[in-house]
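The following exercises concern a ligand site, a cavity, a salt bridge and a pocket. Each task is followed by a worked solution.

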Amino acid sequence: MTYVQEVMAMVKQMNPAEPEFHQAVKEVLDSIAPVVEKHEKEYREACLLERLLEPERSVSFRVPWVDDHGKLHVNRGFRVQFNSALGPYKGGLRFHPSVNRSSMNFLAFEQTFKNALTGQPIGGGKGGSNFDPKGKSDREVMAFCQSFMTELFKYIGPNEDVPAGDIGVGGREIGFLYGQYKRLTNQFEGTLTGKGLSYGGSLVRTEATGYGLVYIAEEMLQAHGRTIDGATVVVSGSGNVATYAVEKAEQLGAKVVTVSDSNGYVYDPNGIDVAVVKEIKEVRRARISEYVKLVPGSTYRDGKKVWEVKCDVALPCAIQNELSLDDAMDLVANGCIAVAEGANMPTTREATDYLQSKGILFMPGKASNAGGVAVSALEMSQNSMRVHRSFESVDQELREIMKDIFHQVSGAAEDYDQAGNYVTGANIAGFRKVVKGMREQGWV
Ligand code: NDP
């Protein structure tokens, strides 16, 4: 067995019943195999892959909270601090019923390479809980956030670990979490990002992941003689990433015809009205099916996925493994030319392989959704310096960062004779940076 095969077997044996983690590790190991082969003796002696694949620290904890009827509930909280070779652990918190050890390990592992690609001094981590904020009152969400932070605060800090939002954790939740952190530590510091603008948040952080996704999609299209201007785009999801991907794609001249949630999708042949999506999701916190009541000419398909809609560009922005092989076949049959992942690992491995085999331009999430964490790092530096940058300057830097990520990913693929394979390119470019930091810091 090669070194790469040995460590893959080790990961499965040490982390049984963690399919998402195995999937993420396999994709990275397959991509970096040629790099590892070149340095096999040195990497083996330094147990480099064994160290890369074992989180530096991982905690899980009990989160008791009381609902509006006085009933006590208990959820499980997690924080996985995967790798700090390049900086303090950084990565979002996810509140969703699907959260478990496997999804946390997969997300924290991916985050390590994504953060490396941003060029910012941040390591990789992730956390969350199987708590579902959907349908809960503000008071219940606050009670949960306060209990969650009462344990989490022991493990985080501005130079140690800086969480942000993710699925189910937006501005409201970050506010409640930050309030409790401050109360427990007596410190007003940049320990969370995605904060409100009134207490240390950065302009553009809310928009950053969606905007960054469209900026890198545009770079990729332009590198192949195409542009997003005039393209028909399908977007899945209607949360933070999806909403601002729709907004930026439309600003750049695309027509976005779908948004969705876990119940079904909306099709609007005239182009999604992003103000209506914001009103439904950010103000009313309602289901996306409400859209058709507000926008004449739009239709809702219950229980269906957006990938059946004809498009030039697809932006999956909801959740892992939401785009299957069958969905990929639909996209290709309908003439789609490019897929850029807004969510983390939304495309199954079979679907990714199929899309690439058909010559579809494919940008993986660890490159294409890195804009969020990149602007989080800019929020950290603003907090440290106690300054507040303008929207235009942060947006401009975000654009430059996404451009730079595209060139790193594209260049790394070319270095290994895989021009245009951005999955391989992203994995190799991220791996090279993390490994350089690890080698220089010794056997830790
Ligand atoms: P939100 O909670 O704001 O939105 C998630 C959206 O996905 C909701 O519309 C949700 O619908 C939908 N969704 C969830 N499960 C499914 C499903 N099974 N099928 C279809 N739709 C579903 O999360 P974000 O927008 O923040 O995150 C979306 C993705 O982007 C995640 O993979 C996240 O890890 C990734 N990401 C987010 C970043 C950020 O800055 N927020 C940064 C980088 C990556 P419903 O209401 O029905 O659950």
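**Exercise 1.** Determine which backbone and side-chain atoms lie by oxygen atoms of the ligand in this predicted model, and describe the surrounding shell.

*Solution.*
Step 1. Begin with the backbone of G239: one of its N or O atoms lies 3.5 Å from a ligand oxygen atom. A polar contact requires a pair of N or O atoms within 3.5 Å.
Step 2. Turn to G168, where a backbone N or O atom is 2.9 Å from an oxygen atom of the ligand.
Step 3. Add the side chain of T209, which places an N or O atom 2.7 Å from a ligand oxygen atom.
Step 4. Assess the burial: the ligand taken alone exposes 890 Å², and the protein buries 84% of this area.
Step 5. Assign the shell to elements. Two or more residues each are given by α8 (205–223), α9 (240–251) and β7 (255–261).
Step 6. Classify the shell. Of the 23 residues around the ligand, R94, D166, T209, S262 and R287 come nearest. The shell comprises six nonpolar, eleven polar and six charged residues.

**Exercise 2.** Find how many cavities of 30 Å³ or more the structure holds, and characterise the lining of the largest cavity.

*Solution.*
Step 1. The count is one cavity of 30 Å³ or more.
Step 2. The space in the largest cavity amounts to about 120 Å³.
Step 3. Its lining consists of 14 residues, with E27, E341, M345, T347 and T352 nearest the centre.
Step 4. Helices α2 (19–38), α13 (349–357) and α14 (365–368) each give two or more residues to this lining.
Step 5. By class, the lining of the largest cavity divides into four nonpolar, five polar and five charged residues.

**Exercise 3.** Which parts of the chain does the salt bridge between R349 and D30 tie together?

*Solution.*
Step 1. The structure contains 28 salt bridges. In one of them, the side chains of R349 and D30 meet at 3.0 Å, N to O.
Step 2. Because R349 belongs to helix α13 and D30 to helix α2, the pair ties together parts that are 319 residues apart in sequence.

**Exercise 4.** Describe the second largest pocket by volume and lining.

*Solution.*
Step 1. The volume of the second largest pocket is about 330 Å³.
Step 2. Its lining has 19 residues, and G190, M380, Q382, N383 and S384 lie nearest its centre.
Step 3. Helix α15 (residues 371–385) supplies the largest share of this lining, five residues.
Step 4. The lining of the second largest pocket includes seven nonpolar, nine polar and three charged residues.

Key:
Residues are numbered from 1 along each chain as its sequence is written. This is a predicted model: local features need pLDDT of at least 70, side-chain atom pairs count only at pLDDT 80 or more; totals for chains, interfaces and linings use all residues. Side-chain values use heavy atoms; hydrogens and water are left out. A residue is near a molecule or strand if one of its heavy atoms lies within 4 Å of it. A polar contact is a pair of N or O atoms within 3.5 Å; within protein, one must be able to donate a hydrogen and the other to accept it, and residues adjacent in sequence count only if both atoms are side-chain atoms. Accessible areas come from the Shrake-Rupley method with a 1.4 Å probe; for residues, only the protein chains shown count as cover. Helices (H or I, at least four residues) and strands (E, at least two) are DSSP runs, numbered from the N terminus. Ala, Val, Leu, Ile, Met, Phe, Trp, Tyr, Cys and Pro count as nonpolar, Asp, Glu, Lys and Arg as charged, and the others, Gly among them, as polar. On a 1 Å grid over the protein atoms alone, a cavity is a set of points where a 1.4 Å probe fits but cannot get out, and a pocket is an open set with protein on both sides within 12 Å along at least five of seven lines; lining residues have an atom within 4 Å of a point. Grid points are joined across faces, edges and corners, and a volume is the space filled by probe spheres set on the points. A salt bridge is a side-chain nitrogen of Lys or Arg within 4 Å of a carboxyl oxygen of Asp or Glu.
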